[in-house]
Amino acid sequence: MTKEKQMIEYMIQDVIEIIVEDQKIEYDAAMAILYTSSVYDKIADIETGLYRESPAYVYGLFQDEMNFGKIVQTEL
């Protein structure tokens, strides 16, 4: 496993744990929600570099997608 792939796996685990804690849902349900999101696709895509961001930042993008139906990046 490459370093990037390992970082992606850690990011996915971290974001799932944040979803579980913040939304008070089961781990399996959090996995299902994240895996069907476009944020997951962007985390898994090495080209985006999203795996290098903080889990809190990525969770913010996930929340935007859940609330607004799209990823909102206000700094752009």
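**View 1. Helix 1 from end to end.** The expected span of a helix is 1.5 Å times one less than its number of residues. Keep that in mind for this close-up of a predicted model. Helix 1 runs over residues 3-23, and its 21 residues should therefore span 30 Å. The C-alpha atoms at its two ends do sit 30 Å apart, so the helix agrees with the expectation. Just past the helix comes Lys24, with a positive phi near 55°.

**View 2. The two faces of helix 1.** Which residues of helix 1 are buried? They are Ile8, Met11, Ile12, Val15, Ile16 and Ile19. These residues cover an arc of only 130° around the axis, which means that they lie on the same side of helix 1. On the face turned away from that buried side you'll find the exposed residues Lys3 and Glu21. As for what covers the buried residues, the list includes helix 2 (27-35), helix 3 (38-44) and helix 4 (55-68).

**View 3. Inside the largest nonpolar core.** This core has 16 residues, and the members that touch the most other members are Ile19, Leu34, Ile43 and Val58. Helix 1, helix 2, helix 3 and helix 4 are the elements that each give it two or more residues. Helix 1 chips in the largest share, with 6 residues. Zoom in on Ile19 and, setting aside neighbours within four places in sequence, you get contacts with Lys24, Ile25, Ala30, Leu34, Tyr59 and Phe62.

**View 4. Where helix 1 crosses helix 4.** Here the two axes come within 9 Å and cross at roughly 60°. The crossing is right-handed. Helix 1 brings Met11, Asp14, Val15, Ile18, Ile19, Asp22 and Gln23 to the meeting, and helix 4 answers with Pro55, Ala56, Val58, Tyr59, Phe62 and Gln63. Two of these residues deserve a second look. Asp14, in helix 1, has a relative accessibility of 33%, so it counts as partly exposed. Its C-alpha is 12 Å from that of Ile43, with the two positions 29 residues apart in sequence numbering. Ala56, over in helix 4, is exposed, because its relative accessible area is 55% and the cut-off for exposed is over 50%.

**View 5. Helix 4 and what it packs against.** Helix 4 has 14 residues and reaches 20 Å from its first C-alpha to its last, close to the 20 Å expected at 1.5 Å a residue. Within this helix, Ala56 and Phe68 are 12 residues apart in sequence and 18 Å apart C-alpha to C-alpha. The buried residues here are Val58, Tyr59, Leu61, Phe62, Asp64 and Glu65. What do the buried residues of helix 4 pack against? Their partners are helix 1, helix 2 and helix 3.

**View 6. Asp64 and the residues after helix 4.** Is Asp64 buried or exposed? Asp64 belongs to helix 4, and its relative accessibility is 18%, so it counts as buried, given that buried means under 20%. Leaving out residues up to four places away in sequence, Asp64 touches Gly69, Lys70 and Val72. Gly69 is also the residue that follows helix 4, and its phi is positive, near 80°.

How values were computed. Residues numbered from 1 in each chain as written. Predicted model: local features only at pLDDT ≥ 70, side-chain atom pairs only at ≥ 80, totals over all residues. Heavy atoms only, no water. Helix = DSSP H or I, 4+ residues; strand = E, 2+ residues; numbered from the N terminus. Buried < 20%, exposed > 50% of the residue type's maximum accessible area, 1.4 Å probe, protein only. Arc of directions from axis to C-beta. Contact = heavy atoms within 4.5 Å. Core = buried A, V, L, I, M, F, W, Y, C linked by side-chain atoms within 4.5 Å. Axes fitted to C-alpha atoms, helices over the stretch in contact; angles between N-to-C directions. Left-handed = near helix turned anticlockwise from the far one by under 90°.
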